[in-house]
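Biologist: I'd like to learn how to read a few features off a model. Can you take me through them one at a time?

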Amino acid sequence: MKEIKKDVYWVGKVDWELRKFHGDEYSTHRGTTYNSYLVKEKKTALIDTVWSPFSAEFVENLKKYVSLKEIDYVVANHAEIDHSGGLAELMEIIPETPVYCTKSGVKSLKGHFHKDWNFVPVKTGDKLNLGKKELMFIEAPMLHWPDSMFCYLTEENLLFSNDAFGQHLASELMYNDLVDQAELFQECIKYYANILTPFSGLVEKKIDEFKSLNVPVDMICPSHGVIWRDNPLQIVGKYLDWSKNYRENQITIVYDTMWNGTRKMAEAIAKGIKSADDKAVVKLFNISRSDKNDVATEVFKSKALLVGSPTFNRGILSAVAGFMEQIRGLKFKEKKAAAFGTYGWSAESVDVISKGLESAGFDLLEDGIKSIWNPDENSLKECVDFGKEIAVKTRFPNRQ
Ligand code: FEO
């Protein structure tokens, strides 16, 4: 237990081992934390818990600092079990204690735990008096689940933002100013790109709504990673940037290859882009050998995405197909795209990818480029020219 502000304690778990999250859907190279907070005022409130495997450890640990029967209120900002997992064990001991959550939270918590706890549904603006301090609730639907909620502690000026503004970053250092800044912001943008991108339209509205409350913010306490105490609004500024169809001067090329023909095409296209625009960042990823969440983060940063696959069984390679499904769900906006790939006796891959890119919301720059068998010098020259055209059509600042 660490006191982060007067009468407010961190009682969470640092998970150094975690390497996959959401099943196998999200890589966590740097582990994570499940942040739970205890406010010990005249009344005692527990805000969120930890992931289910750490439930027993969490409750044992909590007992060292507070008699569980003295917990007056439990706040469940979000029902996903990385935050609500500890409730199962805790509520066995204090079954009558009220659980404050949104109306959707009641449904999701019941859906996960099949228990009829003493739920108290709350709405934006509702307040819970703890003595001198109050907790004010702020619903945040679809950031990133229907039940998601923030709460704000008066007097200490703390925003408990749950998943928002979080990062999968294990650290014993606890605060944003103490950790490696490159690692911190890499994990923040990866988190945004892979989890929040589909809901970008709601991010700006929610931030504006919170700003209109006109309350001071001394710290932002997310449910994963470090607490923002040094210039806490810097991460809010980043979220505003990221929510507005974010693009850097980058083109990302994602492909898979069987006998290196499509790889050669990718490299020739990259060469063409660089020769036409030496300021553009070009990154290549063989998707079957790359971390899909790191690649999605690079796509998030890009102004254009080029996707390549040889034709295989009249379609595309499975790693590319998985990637196409991933970007479809992320709903990127205002990004350009094109397809490429080799073929032998039938040539479906470029059309399959092009259709996939279009239906994923990308603007197609070209019909795509195909190369038969192993690309020869002439084919590679065409790829270089294709890259040049892509560079010209996406050149900053005159984007098309
Ligand atoms: Fe960290 Fe949506 O759970």
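Modeller: Sure, let's begin with charges and rings: a charge sits over a ring if NZ of Lys or CZ of Arg is within 6 Å of the ring centre and within 35 degrees of the ring normal. Here, lysine 40 has its charged end over the ring of tyrosine 9, 5.9 Å from the centre. Lysine 335 does likewise with phenylalanine 300, also at 5.9 Å from the ring centre. Keep in mind that this is a predicted model, where local features need pLDDT of at least 70, side-chain atom pairs count only at pLDDT 80 or more, and totals for chains, interfaces and linings use all residues. Residues are numbered from 1 along each chain as its sequence is written, and side-chain values use heavy atoms, with hydrogens and water left out.

Biologist: How many aromatic pairs does a search of the whole structure find?

Modeller: Rings of Phe, Tyr and Trp (its six-membered ring) pair if their centres lie within 6.5 Å; planes under 30 degrees apart are stacked, over 60 edge-to-face, and the rest tilted. The search of the whole structure gives 20 aromatic pairs. One of them is tilted: tryptophan 345 with tryptophan 373, 6.1 Å centre to centre and 40° between the planes. Tryptophan 345 is in the loop between β20 (336–343) and α11 (349–359), and tryptophan 373 in the loop between β22 (369–372) and α12 (377–394), so this pair ties together parts 28 residues apart in sequence. Helices (H or I, at least four residues) and strands (E, at least two) are DSSP runs, numbered from the N terminus.

Biologist: Are tryptophan 345 and tryptophan 373 buried or exposed?

Modeller: Buried means under 20% relative accessible area, exposed over 50%, partly exposed in between (1.4 Å probe, protein chains only). Both tryptophan 345 and tryptophan 373 are exposed. Aspartate 24 counts as exposed too, because its relative accessibility is 54%; its place is in the loop between β4 (20–21) and β5 (26–27).

Biologist: Which residues form one aromatic cluster?

Modeller: That cluster is made of Phe165, Tyr192, Tyr239, Trp242, Tyr246 and Phe300. Tyr192 is also among the buried residues of α5.

Biologist: What should helix α5 span, and what separates its end C-alpha atoms?

Modeller: The expected span is 1.5 Å times one less than the number of residues. Helix α5 (residues 181–196) has 16 residues and should span 22 Å; its end C-alpha atoms are 21 Å apart, which agrees. Of those 16 residues, 12 are buried, so α5 is largely enclosed by the rest of the structure.
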